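Reader: I am new to this structure, and I would like to understand how its terms are applied. Could we look at it together?

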Amino acid sequence: MVVGVLGGGQLARMLALAAYPLGIRIEVFDPTSDACAAQVAVHHCAAYEDEAALARFAEGKACITCEFENVSVEAMRFLANQVAVRPASRVWEIFQDRLLEKQYLRSVGIPTVPFAPVDPQRPTEALEQVGCPCVVKTRRFGYDGKGQRVVRTREDYLTAVEQLAPHALLVEAYAPFERELSILGVRSLSGEIAVYPLVENHHREGILRLSLAPARDDTGALQSIATGYITRLLESLDYVGVMALELFQVGEQLLANEVAPRVHNSGHWSIEGAETGQFENHLRAILGYPLGCTAPRGVSAMINLIGELPPVERVLSVPGAHLHLYGKSPRPGRKLGHITLRADSVAERERRLQQLCREIGLMCHN
Ligand code: ADP
Ligand code: MG
């Protein structure tokens, strides 16, 4: 059994690593010659516009999936004529565009911050709808905080619109959130759904640094709201695979920020921290197998390794630490690996996290 993955980054790499024990092989399609998944999977190195290469890639695959947001929808549609593509290309069209994404969320009754598309001829109209402070974002191609500006005044707003032009833009009200959370759900070909525990996420400079799973101090009320939202998304889209929903907690309310129609950085903890990891469950879902249990095994913290790598011995000296290196060369701001720390209690996780921070000189959360 061979599954094709569009994109050959760390998510494809971890899908491949989860596939081996199930006797599944992964082949990746990526135009960059040093794609890190190529170290563990067969690599088709060609442009996404190369239809002959796409047709060869589709041959003999049980199905095709995708590991990155900004996949070419044309390439997906082309592949879909030859082989099952999961999740379907329609899903990517919606979630590649922050405006269509927020409109979709609203259409299924999931709350978001107020937002409006920016008309380049009359930019202040959108500002009047959402007010200040607000966040100006490009509709497409943003990631890790790129392509967006937080603004506090009308003048700043007009400058941001000018700087981000000529891209199509939207503006959103700034969410006065207490914390950021995310929920991952998975739906299989047969319609079975499983949901992971709510995760608490800490970002710096627009990049995820630390995830705590399950999120702290939840009585179950937030989990139940988030489970309702992700279930509604999975069902309304007839979705197949893992999906992540990023959320802002404002008081007892959860506002949806964005959807990732794929395995997600805030689910990496689940490899060791849940009964079944997100990568295995994504494969189970798209191949029509029964889903694995998503219950946590103790509590976990996931620390992203960004820009530079700590000494391996130091990381491994911390009890409960599991190191994942992606085989990428260091570059500022680049995700090079992650560490999952597992523990039997929140207090033990805190102690281990402090120890890890001392060992590798990381900035600890609060
Ligand atoms: P991406 O993750 O694709 O870069 P996001 O829309 O998730 O884009 O924005 C990145 C981060 O910026 C969020 O995790 C959050 O910290 C902050 N942010 C984005 N939109 C808002 C908003 N409307 N209000 C407050 N903070 C925001
Ligand atoms: Mg985000």
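The questions below take up the metal site, the ligand, the domains and one serine.

Author: This is a predicted model, in which local features need pLDDT of at least 70 and side-chain atom pairs count only at pLDDT 80 or more, while totals for chains, interfaces and linings use all residues. Residues are numbered from 1 along each chain as its sequence is written, chains are lettered from A and ligands numbered from 1 in the order in which they are written, and side-chain values use heavy atoms, with hydrogens and water left out.

Reader: What makes Glu-246 and Glu-258 protein donors of the magnesium ion (ligand 2)?

Author: Donors are N, O and S atoms within 2.8 Å of the metal (3.2 Å for Na, K and Ca), and sites may look incomplete because water is not among the atoms. The OE donors of Glu-246 and Glu-258 lie 2.0 to 2.2 Å from the magnesium ion, so they count. Glu-246 belongs to strand β13 (residues 241-250) and Glu-258 to strand β14 (residues 253-260), 12 residues apart; strands are DSSP runs of E with at least two residues, and helices are runs of H or I with at least four, numbered from the N terminus.

Reader: Why is Ser-270 called buried?

Author: Buried means under 20% relative accessible area, exposed over 50%, and partly exposed in between (1.4 Å probe, protein chains only). Ser-270 has 1% relative accessibility, and therefore counts as buried. Its place is in helix α9 (residues 270-273). Glu-246 and Glu-258 are both buried as well.

Reader: What makes the pair formed by Ser-270 and Gly-267 a polar contact?

Author: A polar contact is a pair of N or O atoms within 3.5 Å; within protein, one must be able to donate a hydrogen and the other to accept it, and residues adjacent in sequence count only if both atoms are side-chain atoms. A polar side-chain atom of Ser-270 lies 2.6 Å from the backbone oxygen of Gly-267, so the distance is within the limit.

Reader: Which side chains have polar atoms lying 2.6 Å or 2.8 Å from ligand 1?

Author: Glu-180 has a polar side-chain atom 2.6 Å from an oxygen atom of ligand 1, and an N or O atom in the side chain of Glu-172 is 2.8 Å from a nitrogen atom of the ligand.

Reader: How do you know that two domains take part in the shell around ligand 1?

Author: Domain bounds come from an automatic or database domain assignment, and the shell draws at least three residues from each of domain 2 (114-173) and domain 3 (179-360).
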